[in-house]
Amino acid sequence: MTAPLDAQAERDLARMQAARAAKTNGKQGKAGRPASAGGARFVNTTSEVMGRPGVYWIGTAQDRSSGETIDAEPLWICSLLTVAALTRDASGSEWGRLLVFADRDGQEHRWARPMSMLAGSGEELRAELLRQGLEVTTLATRRGKLAEYIGQARPEAKARCVLRTGWHDGVFVLPTCTYGEHPGEPVIFQGATVDGVALAVAGTLDGWRAQVAAPCIGNSRLVLALSAAFAAPCLGLLDSEGGGFHLRGSSSSGKSTALAVAASVCGPAAYVRTWRATDNALEAVASLYSDLLLPLDEISQLDPRNAGAAAYLLANGQGKSRSHRDGSARAAARFRSLFLSAGEVGLGDLVTASGSKSRAGHEVRVIDVPADVEGGCGLFERLPDGCAPGDFADRMRRAAAEHHGHALREWLAALTADSAGARDTLRAHRDRMAEALCDPAAVGQVRRVAQRFALAAAAGELATCKGLTGWPQGEAGRAAQSCFAAWLRARGTDGAAEPAAMLAQVRLFLAQHGESRFSPWRDADESHKPRTINRAGFRKGKDDGGGLAYYVEAEVFRGDVCAGFDPRQVARTLALHGALRLDGDGGFTRRERLPDGRKARVYVILPELWGDDGDGEAGE
């Protein structure tokens with residue numbers, strides 16, 4: 001890469017060199033006097049007059065013999081560095097500079113640097129430039145001139161900057177390049193670093209198609225993983241909600257292999273992140289992976305206390321609300337995230353381990369897909385002849401390390417070449433697949449999950465049509481159907497999750513405390529009066545011998561039995577299940593005379609709670 005020549009700087013440096021040579025030879029006169037070219041200034045030149053190309057600072061000095069102001073000795077600041085454009089966002093904020101330079105290998109680097117990095121001593125700026133390969137002076141007296149050079153630059157070109165990857169006004173922005181044509185100014189990514197996401201290219205697209213994508217055929221989890229990688233850039237096109245798939249299964253079942261295969265669409269194994277991060281760090285990562293697949297390994301490393309919040313953060317696409325130092329509100333980070341996770345436990349397990357309640361919103365945002373296939377070998381359903389599961393996993397990881405990154409670039413080029421056509425095709429295929437996965441009358445939670453599987457299928461099928469995968473038509477759709485069916489079986493119901501969870505919690509409470517906290521129903525004049533510690537109510541056998549009815553004190557029902565749920569919703573669910581005896585007016589509580597002589601309102605829970613068809617009815 002060659003920086004634009006500074007013609008005036010070339011002339012100045014040549015004249016200064018000639019003047020020094022003349023003075024060295026003892027010559028005098030007008031031609032031997034160093035000329036001034038307009039005062040102190042920076043020059044960015046390829047000239048080797050001073051020994052090396054780069055950015056120089058030329059100050060001023062006073063000639064001792066004549067008293068005239070002349071140019072001082074040029075001071076080398078850094079290697080060639082061009083400030084190519086002024087940058088700012090759509091609201092006229094986030095000003096920056098587009099820097100272009102080459103490292104010692106001749107590789108060009110383009111970095112849109114926020115002007116905020118000039119605040120303070122500038123160490124952060126110098127550190128990042130040095131990391132990317134720019135040569136910078138080591139002299140402490142000159143280092144500050146680098147920030148001064150960048151800050152004073154006034155290039156004519158301007159560009160629109162964005163602070164996250166993904167779709168912006170019809171173009172798709174990556175940290176190092178932009179796909180598509182913007183009708184106005186160029187749109188570029190601007191950030192404190194360009195290497196937060198490991199996007200890289202290796203091998204060939206043909207090699208990736210043959211050695212990575214093709215062996216996935218017949219393996220529904222691998223096909224789903226690759227389809228999710230193609231689906232992530234489609235979120236913005238279809239204005240779809242974020243969320244993710246979580247491959248949950250036993251150790252060494254192939255989950256990490258699925259993540260490596262999915263990551264190979266975008267880059268090397270380093271593209272995969274882990275759940276081991278604070279919520280602030282996870283927010284920053286999500287902004288860098290916006291509209292890109294975010295692979296997250298080892299969910300067990302996520303702090304259980306942050307598990308529920310992490311699910312909502314990634315799926316909802318909005319970071320924390322923060323304030324400036326003066327207390328005024330700062331704009332929250334926004335992004336679109338489709339993530340693929342893996343681990344031996346599920347998000348609900350982590351939430352429960354923290355003492356919180358697993359919500360239906362968690363399962364909709366983080367879809368637990370059983371990684372172990374029935375009748376298969378761990379995650380794999382189809383293996384090459386004579387190949388053991390472990391050998392197949394190793395082969396897939398090696399292939400992903402050798403060939404990666406090409407598919408994303410071809411995919412983005414195809415999407416941006418005809419975004420309207422791609423949007424229509426994806427929407428039509430997604431809607432057809434969603435209808436095939438579940439009945440239109442299914443509860444909203446199931447339909448939302450079906451929509452995400454359908455989006456993955458639609459993206460996988462369109463990528464196949466574009467010649468990227470080498471799969472037969474319908475492969476992505478079959479994988480989505482298989483994985484959705486596995487999710488539904490593991491869930492246990494095609495109805496809403498909350499009623500089933502409510503009934504399960506009531507059953508658990510009575511199973512744990514039925515003997516210890518519920519006194520047997522006896523008349524007040526009976527001589528034997530057992531002591532019940534921390535009593536929750538009374539238990540009484542039904543007249544027909546059909547089991548026990550539990551008379552639960554109203555306060556205990558609301559505070560202990562329904563902990564984490566709305567008590568009225570729990571009571572309504574029990575009533576719909578036929579497990580709650582209502583009063584004469586249809587109320588949930590009954591006024592009963594209890595064995596201790598009190599008249600009190602209680603919830604009377606009936607043996608029908610343990611009906612054989614309870615799980616199915618609970619979701620209706």
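This is a stop-by-stop tour of a predicted model, with selections to make in the viewer and a note on what each one shows.

**Whole chain**

Start with everything displayed as a cartoon. The chain has 620 residues, and 49% of them count as buried. Its secondary structure comprises 20 helices and 26 strands. If contacts are restricted to a separation of 6 or more, residues 24 or more positions apart account for 68% of them.

**Stop 1: the sheet β1-β2-β5**

Select residues 41-45 and 75-78, which are strands β1 and β5. These are the edge strands of an open sheet, each pairing on one side only. Add residues 54-58 for strand β2. The sheet has 3 strands in the order β1-β2-β5, and the pairing is antiparallel. From one strand to the next, the twist averages 35 degrees.

Between β2 and β5 there are 3 bridges. To see a facing pair, show Val55 and Cys78 as sticks; Val55 stands opposite Cys78, which belongs to β5.

Now add residues 140-152. This is helix α3, which packs on the sheet and touches β1, β2 and β5. The direction of α3 makes about 70 degrees with that of β5.

**Stop 2: parallel strands β6, β9 and β13**

Hide the previous selection and pick residues 81-88 and 158-162. These are β6 and β9, paired in the parallel sense over 3 bridges. Leu86 has Lys158 of β9 as its bridge partner.

Next add residues 187-189, strand β13. β13 also pairs with β9 in the parallel sense, over 3 bridges. Here the residues to label are Cys161 and Ile188: Cys161 stands opposite Ile188 in β13.

**Stop 3: Gln190**

Stay in this region and select Gln190, which lies in the loop between β13 and α4 (205-213). Is Gln190 buried or exposed? Gln190 counts as buried because its relative accessible area is 2%, below the 20% cut-off.

Show the residues around it. Leaving out residues up to four places away in sequence, Gln190 touches Thr87, Glu94, Trp95, Gly96, Ala112, Arg113, Pro114, Cys161, Val162 and Leu163. Of these, Ala112 is a useful one for a distance label: its C-alpha atom is separated from that of Gln190 by 4.7 Å, although the two residues are 78 apart along the chain.

**Stop 4: the sheet β10-β11-β12**

Select residues 166-168 and 178-179, the edge strands β10 and β12, each of which pairs on one side only. Strand β11, residues 171-173, is joined to β10 by 3 bridges, and the two run antiparallel. Together they form an open sheet of 3 strands in the order β10-β11-β12, with antiparallel pairing. Gly166 can be labelled with its opposite residue, Val173 in β11.

**Stop 5: helices α5 and α7**

Two packed helices are described by the angle between their axes and the distance between the axes. Select residues 220-231 for α5 and residues 255-263 for α7. Their axes are 8 Å apart, at an angle of about 35 degrees, and the crossing is right-handed.

Which residues meet here? On the α5 side they are Leu222, Ala225, Leu226 and Ala229, and on the α7 side Ala258, Val261 and Ala262. By class, the contact has 7 nonpolar residues, with no polar and no charged ones.

**Stop 6: helices α14 and α16**

Move to residues 419-437 (α14) and 475-491 (α16). The axes come within 11 Å and cross at roughly 35 degrees; this crossing is right-handed. Show Met433, Ala436 and Leu437 in α14, which meet Gly477, Ala480, Gln481 and Phe484 in α16. The contact has 5 nonpolar, 2 polar and no charged residues.

**Stop 7: the nonpolar cores**

Keep Leu437, Ala480 and Phe484 on screen and add Phe453, which touches all three. Phe453 also touches Leu224, Phe245, Ile367, Val369, Cys483 and Trp487, not counting residues up to four places away in sequence.

Phe453 and Phe245 have the most contacts inside the largest nonpolar core, a set of 110 residues. Helix α15, residues 444-465, gives the most to this core, with 12 residues.

For the last selection, take Phe518, Val561, Tyr603 and Leu609. They are among the 24 residues of another core, which lies apart from the largest one.

Note on methods. Residues numbered from 1 in each chain as written. Predicted model: local features only at pLDDT ≥ 70, side-chain atom pairs only at ≥ 80, totals over all residues. Heavy atoms only, no water. Pairing = 2+ DSSP bridges. Helix = DSSP H or I, 4+ residues; strand = E, 2+ residues; numbered from the N terminus. Core = buried A, V, L, I, M, F, W, Y, C linked by side-chain atoms within 4.5 Å. Buried < 20%, exposed > 50% of the residue type's maximum accessible area, 1.4 Å probe, protein only. Contact = heavy atoms within 4.5 Å. Axes fitted to C-alpha atoms, helices over the stretch in contact; angles between N-to-C directions. Left-handed = near helix turned anticlockwise from the far one by under 90°. Nonpolar A, V, L, I, M, F, W, Y, C, P; charged D, E, K, R; others polar.
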